[in-house]
Amino acid sequence: MDLPPGDPAPQRCDLLVHNAYLITVNADREIYLDGALAVRGRHLVAVGRSADVRTRWRGAREIDAHGAVVHPGFIETHMHIALHGARNAINEPVRWDEQQKFYADYWSVISEEDEFVGSQLAILELVKYGATAFMDCGTTHAPDAVARASEAVGIRARLADPFLWDVGGFGGAEEDSPTVDRAPADLERSLSLLGGQLARNTDPTDLVQGHIAIIGMATCSDELTAAAKDAARRAGVTFNQHQSYCQVDVADDDTRLGRHPLVHFAELGILDAGTTFAHVNIVRDDELEAVTGTGFSVSWNPISSQMYGVGATAHGRHYQMGRRGVNLALGSDSPNYTGRFDTGAQAFQAILSSRDQALDAVALNAEDGLEMATINGARAISAESLLGSLEVGKLADFVIRRTDTLETTPVTNRVQNLIYSSRSTGIDVVVCNGVIVVAGGVSTMVDEDEVRRSAQESSSKLLARIGYQPKTIWPEIS
Ligand SMILES: [Zn+2]
């Protein structure tokens, strides 16, 4: 070894990646043109210039990134993982009542095995699009099955108790809203389940953790909401619910609460840095005022909202909330609403939406997109001290992109290339918790063909059980 006298000998680490265009997303948002990082166990032990890191560290395994972009793993903050078996199953044109009925039927018959294979497919999709963590919103009957799937594919899961609600049913507060026999909207039932998933939280570096989620969207009493927020606060985890998705649930909330819902939740003391609401597509002037300075998070799901035409871009004020200190993170919702679980695509769509909302191209930019997909996501799942950026002491969750894709040629502004052109294509290597879980764009953890086969079989049987026949608008000829 050729070290200047006095320098300590290099230390051993498990994995060293060098010669990378390293986007740290650290507090100063530093980007190393020729950067490196070193991993020991589950943690990052060095991040910096390749020359410096390689002088101090030797990896049991070393990867030359050949100038490729390396960035923190994406963090997906709102999804219904159990719905993956029904991807694109709802026939168009989609009617609000019909789709809520479809979900009620689907969730009534889904088995634990269905949830396992559907979750494997969903999580495999997430990691192949560069995500290393996700937060489910508490609409799986079998969190243990999702936990197993997550550990099998090798990325982080935040799981919540199943279907905590006590007013109405799918879509809103009306008494005749469809519900799920196995999980009726009931206060006593919800309170008895509340906090069950927190038993997972013994080591914060483990892949699977619990948080607190209630369904929200006009389906939860103040008593249930307050109990849930209190449980989350005591455990130091995220409190999560749906909110203000469309005119239907907002009208229910306005009537039920006697004022606009975000004003109500601000007055209840619910909106703080430990709270994440999904969607928040409809925000009136007094609500914009109420969220200012609260530091709470919104999981913005731009594609799903636009898919269902609820006016999230035309009338939404996500950009304006972000300007007022709301932490904007990203979610994919469900495959019926959004096509696929793809956080990079959501980042791009959110930027487009912000420019419509601001009526100005000077709204969110590529760097904002990357922030929303990484460090803001970490904050939204209460894991900012461990995830979301590449810094010494944080967990080793990162992505290495390919350098040979058409959409990133020519190389110009690398961050714009990443967010506007690549979005989530060209994923080469994904590391989560120090483990290489994707290499050459392929899972190192599960047999992808087997995951697809079992998910297809489960979906076909499940749709047959509820008597649902997906059909195209154009005639299909056998
Ligand atoms: Zn949702």
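In which sense do strand S12 (residues 275-279) and strand S13 (residues 297-300) pair, and over how many bridges? The pairing is parallel, over 3 bridges. Keep in mind that this is a predicted model. Two things to look at here are a zinc site and an open sheet of 5 strands.

**The zinc site**

- Three histidines and an aspartate hold the zinc ion: His-78 (NE2), His-80 (NE2), His-242 (NE2) and Asp-333 (OD) are its protein donors, at 2.0 to 2.6 Å.
- Along the chain, those donor residues follow the spacing H-x1-H-x161-H-x90-D.
- His-80 sits in the loop between strand S6 (74-79) and helix H2 (96-109), while His-242 belongs to strand S11 (residues 239-243), so this pair ties together parts 162 residues apart in sequence.
- Buried is the word for both His-80 and His-242.
- As for geometry, the 4 donor atoms make angles of 84 to 176 degrees, and the site comes out as irregular.
- For reference, the ideal angle for four tetrahedral donors at a metal is 109.5 degrees.

**The sheet**

- Reading across the open sheet, the 5 strands run in the order S10-S11-S12-S13-S14, with parallel pairing.
- Strand S10 (212-216) and strand S14 (327-330) are the edges, each pairing on one side only.
- From one strand to the next, the twist averages 25 degrees.
- Back at the S12 and S13 pairing, Thr-276 has Ser-297 in S13 as its bridge partner.

**The helix on the sheet**

- Helix H8 (residues 261-268) packs on the sheet and touches S11 and S12.
- The direction of H8 makes about 160 degrees with that of S11, the strand that also carries the zinc donor His-242.

Technical notes: Residues numbered from 1 in each chain as written. Predicted model: local features only at pLDDT ≥ 70, side-chain atom pairs only at ≥ 80, totals over all residues. Heavy atoms only, no water. Donors = N, O, S within 2.8 Å, 3.2 Å for Na, K, Ca; no water. Tetrahedral: all angles 85-135°; square planar, octahedral: opposite > 155°, others 65-115°. Helix = DSSP H or I, 4+ residues; strand = E, 2+ residues; numbered from the N terminus. Buried < 20%, exposed > 50% of the residue type's maximum accessible area, 1.4 Å probe, protein only. Pairing = 2+ DSSP bridges. Axes fitted to C-alpha atoms, helices over the stretch in contact; angles between N-to-C directions. Contact = heavy atoms within 4.5 Å.
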